[in-house]
Amino acid sequence: MTVPDALRATVSRIRRVVVLTGAGISAESGVPTFRGEQGLWKQFRPEELANVDAFLSNPSLVWEWYAYRRKLLSDAQPNAGHRALVQMERLVEDFVLVTQNVDGLHQVAGSTKVLEIHGNIRRNHCQHCRRPAQVDLLQSEGPPKCDYCGGLVRPSVVWFGEPLPMEAFGEGDRAARRCDLFIAVGTSGVVYPAASLPLTAKNAGAYFLEINPESTDLSRYADGALRASASDGLTEVVTAIASGRNSP
Ligand code: OAD
């Protein structure tokens, strides 16, 4: 497993990097992915748990599901993949991290520029008036009522059928259009519009690298692939970028 030669040859000229992360980067922190044999969507039905109709018809069930997932995160710590991205942010002039993950582990690791396009499970807001709610998913049995309007409080994650946070996605999309290198890591690339970002970058002339132990729906568009875990693959890329910075 090494960085593809074509990428290594140009690594000293890379100034703008965008990384799109998915559940696979947190797998090594013990957080389950969604798809695949061990994935959450093998055991649970997203249409019953991750959309607004499900929440309105059975708020307690949906709240319980997110409390369960929040609990899984209680002991989770960032891994070497998250930490490699902190280093990458320090090495690269223009670095943007776009994550589909709602676990907040990039920020815990120390990444400062994180665009959360699917929200964050550690935050909550009112379904009715949208105001943020200071509620801990783990402390409340069922969704509490909003202090302002009495609406139901829900986790601040994007559900199927809901629009993405426009500002965060727009910023990620603009960064994808100007980057030299786009890396998709730990994502199956089946959920749009997140999965459109590597194609946007590639169409604008970027080198597209996929890091994933398995091939995915994005693989056919990739200029190169590291068939490795996020931690090994990202460590390898950071080492290559750092050596490119040190060479004359
Ligand atoms: P998926 O569960 O669809 O895909 C996880 C990917 O991670 C797969 O391609 C695995 O091969 C890969 N993988 C597993 N272990 C890995 C490791 N150690 N290192 C690197 N890669 C590894 O997760 P996402 O692509 O993130 O949506 O799913 C996208 C969206 O679907 C999620 O954000 C969520 C879900 O429904 C929302 O919450 C809106």
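Trainee: Which kind of ligand atom does a polar side-chain atom of Trp-41 lie 3.1 Å from?

Mentor: Start with the idea: a polar contact is a pair of N or O atoms within 3.5 Å, and within protein one must be able to donate a hydrogen and the other to accept it, while residues adjacent in sequence count only if both atoms are side-chain atoms. Here, the partner of Trp-41 is an oxygen atom of the ligand. Keep in mind that this is a predicted model, where local features need pLDDT of at least 70 and side-chain atom pairs count only at pLDDT 80 or more, though totals for chains, interfaces and linings use all residues. Residues are numbered from 1 along each chain as its sequence is written, and side-chain values use heavy atoms, with hydrogens and water left out.

Trainee: And what do Glu-28 and Gly-24 do at the ligand?

Mentor: Glu-28 places a polar side-chain atom 3.3 Å from a ligand nitrogen. With Gly-24, a polar backbone atom sits 3.5 Å from a nitrogen atom of the ligand. As for cover, the ligand taken alone exposes 800 Å², and the protein buries 89% of that; these areas come from the Shrake-Rupley method with a 1.4 Å probe, and for residues only the protein chains shown count as cover.

Trainee: How many residues surround the ligand, and which are the closest?

Mentor: A residue is near a molecule or strand if one of its heavy atoms lies within 4 Å of it. There are 23 around this ligand, the closest being Phe-34, Arg-35, His-118, Thr-187 and Ser-188. Sorted by class, the shell holds nine nonpolar, eleven polar and three charged residues. Ala, Val, Leu, Ile, Met, Phe, Trp, Tyr, Cys and Pro count as nonpolar, Asp, Glu, Lys and Arg as charged, and the others, Gly among them, as polar.

Trainee: Now Asn-79: buried or exposed?

Mentor: Buried means under 20% relative accessible area, exposed over 50%, and partly exposed in between (1.4 Å probe, protein chains only). Asn-79 has 8%, so it is buried. You'll find it in the loop between helix 6 (59-72) and helix 7 (80-91); helices (H or I, at least four residues) and strands (E, at least two) are DSSP runs numbered from the N terminus. The Asn-79 side chain reaches the backbone oxygen of Ile-25 at 2.8 Å. Contact means heavy atoms within 4.5 Å, and beyond four places in sequence Asn-79 has contacts that include Glu-28 and Ser-231.

Trainee: What about Ala-84, which residues does it touch?

Mentor: Ala-84 sits in helix 7. Setting aside residues up to four places away in sequence, it touches Leu-234, Thr-235 and Val-238. Its relative accessible area is 2%, so it counts as buried.

Trainee: Where is Gln-107, and which side chain does it pair with?

Mentor: Look in helix 8 (residues 105-109) for Gln-107. Its side chain and that of Glu-116 are joined by a polar contact of 2.9 Å. With a relative accessible area of 33%, Gln-107 is partly exposed.

Trainee: What should I read from the backbone angles at Arg-130 and Pro-193?

Mentor: Phi of Arg-130 is near 70 degrees, a positive value in a residue other than glycine. Arg-130 lies in the loop between strand 4 (119-126) and strand 5 (132-133), and is partly exposed at 48% relative accessibility. At Pro-193, the peptide bond from Tyr-192 is cis, with omega near 10 degrees. Pro-193 belongs to the loop between strand 7 (181-185) and helix 10 (197-203).
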